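This report describes a molecular model, chain by chain. Please keep the sequence and the structure in view while reading.

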Amino acid sequence: MSIAAMLLLAVSFTNAQEKEKMNHDHGDMKMDHSKMMNKNSDAKAEAILSDYFNLKDALVADDTKKAAQAGTKLVATLKAFDTDSYSKENQEELEDIIEDAVEHAEHISESAIDHQREHFKTLSKDITDMVAITGTKSTLYEQFCPMYDKGSAWLSTSKEVKNPYYGSRMLKCGKVQKTIQ
Amino acid sequence: MKIVKIIAIVLLVAFVGIQFIPTTRNQSDTVPSTDFMLVNNVPETIQKKLQVSCYDCHSNNTQYPWYNKIQPVAWFLEDHIKEGKAELNFNEWDSLSSRRKASKLRSIIKQIENGEMPLDSYTLIHSEATFTEAEAEELINFITQLKDSL
């Protein structure tokens, strides 16, 4: 009898642990979800993303002039970003991201293509970090090319790899390393 | 012939005239506690190199050459220093966030790698500011380490 009771206790104990773990996971998931929900509505972040993708496409097409134009536009949309609706901690982080991204976008707006690509690398990190906070309504693919500058990532709205760091020289270099939704 | 003379006189008057236009000088006695050298453990050789090759335009204190008071040279210098400090001011290093530091370090590496800094117009007169291959490598290794430790 006492053995059975102990067994039961042990079983219920592990069950409880499992449950707690599951609850925990679930909690995390729920949090992520709500995070995405309230941030899905940030039109200004979407505008930044849209300019970023225009810039990326111009680099894929080896088009310095278009990339520079997209860079100029991006500077404007970045500066128009409004952090008010975010928590204090996120506001600080976002302001930091925006400040950094503006600098890179400015350089892109006035540089030759090699330089544009250098700055695009850091800019991509900034934008990825921004999306982690703001969320987005579209599905994004974080892609990665192991060859450019010891490995470089970028964001794309399409699964298909088109490399902005090499353009036509090595268009297909890279793979999807993460899906962001 | 007369025209040439007139032009020469006009140019001379203009040259003398612009000497009276004041410029702001980039000089400071104090090194703020946010200085790159003070907050990072920078090896002595690299400290010296940074001071000679970078600090004239990327800090609050420029070691001016003798001709800096002659216009239009002074303007040219003023402009460069202003732009240089806006991009990167080593004196204010520690006031940057980690993200900004990483960005700046990455840019330093690229500029040295591509031989874009120090500017040709600077090394023309400051030949000691030029990086030898070994010096460039030493600096890039140090900066890379610093970046990875952020």
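Which residues are buried in α3(A)? In this predicted model, the buried residues of α3(A) are Ala67(A), Ala70(A), Gly71(A), Leu74(A), Val75(A) and Leu78(A). These residues cover an arc of only 150° around the axis, so they are on the same side of α3(A). A general feature of helices is helpful here: an α-helix has 3.6 residues a turn, so residues three or four places apart point the same way. The cover over the buried residues of α3(A) includes α2 (43-60), α4 (88-109) and α5 (113-134) of chain A. Helix α3 occupies residues 64-79 of chain A, and because its 16 residues should span 22 Å at 1.5 Å a residue, the 22 Å between its end C-alpha atoms agrees with expectation.

**Chain A as a whole**

The secondary structure of chain A consists of five helices and three strands. Along the sequence these elements follow the pattern α-α-α-α-α-β-β-β. Chain A has 181 residues, of which 30% count as buried. Among its contacts with a separation of 6 or more, 61% are between residues 24 or more positions apart.

**The nonpolar cores**

In soluble globular proteins, nonpolar side chains tend to be buried together. In this model, the largest nonpolar core has 25 residues, and the members that touch the most other members are Tyr52(A), Leu55(A), Leu74(A), Ala105(A) and Ile127(A). At least two residues of this core come from each of α2, α3, α4, α5 and β2 (152-156) of chain A. The element that gives the most is α2(A), with eight residues. One of these well-connected members can be followed further: apart from its neighbours within four places in sequence, Ile127(A) is in contact with Tyr52(A), Ala101(A) and Leu155(A). A second, separate core has six residues, including Phe36(B), Cys54(B), Tyr55(B) and Phe90(B).

**Two loop residues of chain A**

What do Asp62(A) and Lys150(A) have in common in their backbone? Each has a positive phi although it is not a glycine. The table sets out their values and places.

| Residue | Phi | Loop | C-beta neighbours inside 10 Å | Class |
|---|---|---|---|---|
| Asp62(A) | about 55° | between α2 and α3 of chain A | 15 | partly exposed |
| Lys150(A) | about 60° | between β1 (140-145) and β2 of chain A | 7 | exposed |

The class follows from the neighbour count: Asp62(A) counts as partly exposed because it has 15 C-beta neighbours inside 10 Å. Lys150(A) counts as exposed because it has 7 such neighbours.

**Chain B as a whole**

The secondary structure of chain B comprises eight helices and zero strands, and its pattern along the sequence is α-α-α-α-α-α-α-α. The radius of gyration of chain B is 19 Å, well over the 15 Å that the globule rule gives for 150 residues, so chain B is more spread out than a compact globule. The C-alpha trace of chain B spans about 70 × 30 × 25 Å along its principal axes. Of the 150 residues in chain B, 19% are buried. Where contacts in chain B join residues at least 6 apart in sequence, 81% of them join residues at least 24 apart.

**Local features of chain B**

Is helix α1 of chain B well covered or hardly covered? It is hardly covered, for the count of buried residues among its 17 residues is zero. Helix α1 runs over residues 2-18 of chain B and reaches 24 Å from its first C-alpha to its last, close to the 24 Å expected at 1.5 Å a residue.

Trp75(B) is found in helix α5 (residues 73-87) of chain B. Trp75(B) is classed as exposed because 12 other C-beta atoms lie within 10 Å. Trp75(B) and Thr24(B) are 51 residues apart in sequence, while their C-alpha atoms are 9.2 Å apart in space.

A cis peptide bond, with omega of about -10°, joins Met117(B) and Pro118(B). Pro118(B) belongs to the loop between α6 (98-113) and α7 (120-123) of chain B.

**Where the chains meet**

How many residues of chain B are in contact with chain A? Six residues of chain B are in contact with seven residues of chain A. On the side of chain B that touches chain A, the residues divide into no nonpolar, two polar and four charged.

Note on methods
Residues are numbered from 1 along each chain as its sequence is written. Chains are lettered from A and ligands numbered from 1 in the order in which they are written. This is a predicted model: local features need pLDDT of at least 70, side-chain atom pairs count only at pLDDT 80 or more; totals for chains, interfaces and linings use all residues. Helices (H or I, at least four residues) and strands (E, at least two) are DSSP runs, numbered from the N terminus. The expected span of a helix is 1.5 Å times one less than its number of residues. A residue is buried if 20 or more other C-beta atoms lie within 10 Å of its own, exposed if 12 or fewer, and partly exposed in between; C-beta atoms are placed from the backbone. The radius of gyration is taken over C-alpha atoms; the globule rule is 2.2 Å times the number of residues to the power 0.38. Two residues are in contact if their C-beta atoms, placed from the backbone, lie within 7 Å. The arc is that of the directions from the helix axis to the C-beta atoms. A nonpolar core is a set of buried Ala, Val, Leu, Ile, Met, Phe, Trp, Tyr and Cys residues joined through C-beta atoms within 7 Å. Ala, Val, Leu, Ile, Met, Phe, Trp, Tyr, Cys and Pro count as nonpolar, Asp, Glu, Lys and Arg as charged, and the others, Gly among them, as polar.
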